[in-house]
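User: Please take a close look at the cross-links in this structure, beginning with the charged pairs and going on to the cysteines. I would like one connected account.

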Amino acid sequence: MSNTKMNGGEKETKSGCEQPQWTVKSEVERQEFKKCNMARGCLCCLKYMMFLFNLIFWLCGCGLLGVGIWLSATQGNFATLSPSLPSLSAANLLIAIGTIIMVVGFLGCLGAIKENKCLLLSFFVVLLVIFLMELIVVILFFVYRAEVADYAKEDLRNGLKLYGSEGNVGLTNAWNIVQTDFECCGVVNFTDWEPVMGSNFVPDSCCMEYSKNCGQGTSTLWRDSGCYNVVKMWFEDQTVILGTIAMCILVIQILGMAFSMTLFHQISRSGKKYEA
């Protein structure tokens, strides 16, 4: 009987020792499980946020590409003012920018939703290259600002020589539109037209009050301000708007790189895809 009690006591003692160990172990596992669930939930949220962000980005690229193609098809006779960069028109710029945005957005969307490390890394590298190129261009522009201004003026003067010539309808229309909309004449002033059209002759778009053949005869009817300075002042007046747009683009690029690298490292650590 005493043996039975002793055996029972031993059982009670064993069960009393084992039960707290089991409770502690299960509590640790429960906490770890909660942490895993929280991490999985955060990553799923990050994944879908990145997907949605890049989807909007991709749709914007589609819109720019569509507008660029429409301008190219309907406004084909409107070209650039620069003879050294004949392809640098508004339509071509929109097509190029829209295509780049579409490619970047596609990489981000597919890489996020598929949790593909190769696509996420490609997305990061493309954004980084674009960011560095933008940074280099801005730095070079401010370092060589005077040289850029002189080159732009000389290039625009060379463009004036092609005004009205055969095969340059786009450049001719571009100068007429700029001079009319910005109320200017020539590059620096109306005398820039003298080597092109002769003395006392300017395009009719230089006139303060437009009428047929108003660019012939007297300079009192012509605008004095050159288009280079007028357009430059217009950009300076839009500094706040342009600066805001530039900062938004910068923030978007940095967030895109940060999100892609976060998702990339978490997928690498886990060794498998997180299920949504």
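Analyst: Arg157 and Asp192 are joined by a salt bridge, with 3.2 Å between the closest N and O atoms. Arg157 belongs to helix H4 (residues 145–160) and Asp192 to the loop between H5 and H6, so the bridge ties together parts that are 35 residues apart in sequence. The model is a predicted one, and the values below are to be read with that in mind.

The two partners of this bridge can be taken in turn. Arg157 has a relative accessible area of 28% and is therefore partly exposed. For Asp192 the relative accessibility is 12%, which is under the 20% limit, so Asp192 counts as buried.

A search of the whole structure gives two salt bridges. Besides the pair just described, the side chains of Lys47 and Glu115 meet in a salt bridge, at 3.2 Å from N to O. This bridge also links distant parts of the chain: Lys47 sits in helix H1 (residues 2–74), while Glu115 is in the loop between helix H2 (90–114) and helix H3 (117–143), 68 residues apart. Lys47 and Glu115 are both buried. As general background, side chains of opposite charge can pair when their charged atoms come close.

The loop between H5 and H6, which holds Asp192, also leads to the cysteines. The search of the whole structure finds three disulfides. One of them joins Cys184 to Cys227, with an S to S distance of 2.1 Å. Cys184 lies in the loop between helix H5 (169–181) and helix H6 (194–197), and Cys227 lies in helix H7 (residues 227–237), so this disulfide ties together parts that are 43 residues apart in sequence. The link of Cys184 and Cys227 is right-handed, with 90 degrees about the S-S bond. Both of these cysteines are buried.

Another disulfide is formed by Cys185 and Cys206, whose sulfur atoms are 2.1 Å apart. Cys185 is in the loop between H5 and H6 and Cys206 in the loop between H6 and H7, so that distant parts of the chain, 21 residues apart, are linked. The torsion about the S-S bond of Cys185 and Cys206 is about 85 degrees, so this disulfide is right-handed. Cys185 and Cys206 are buried.

The remaining disulfide pairs Cys207 with Cys214, again with sulfur atoms 2.1 Å apart. With 110 degrees about the S-S bond, the link of Cys207 and Cys214 is right-handed. Cys207 has 2% relative accessibility and therefore counts as buried. Cys214 is buried as well, at a relative accessible area of 7%.

Taken in sequence order, the bonded cysteines of the protein pair as 1-6, 2-3, 4-5. In that scheme, 1-6 is the link of Cys184 and Cys227, 2-3 that of Cys185 and Cys206, and 4-5 that of Cys207 and Cys214.

Two further cysteines can be placed by their accessibility. Cys118 has a relative accessible area of 54%, and since this is over 50% the residue is exposed. Cys248, at 43% relative accessibility, counts as partly exposed.

Definitions and conventions: Residues numbered from 1 in each chain as written. Predicted model: local features only at pLDDT ≥ 70, side-chain atom pairs only at ≥ 80, totals over all residues. Heavy atoms only, no water. Disulfide = S-S within 2.5 Å. Helix = DSSP H or I, 4+ residues; strand = E, 2+ residues; numbered from the N terminus. Buried < 20%, exposed > 50% of the residue type's maximum accessible area, 1.4 Å probe, protein only. Salt bridge = Lys/Arg side-chain N within 4 Å of Asp/Glu carboxyl O.
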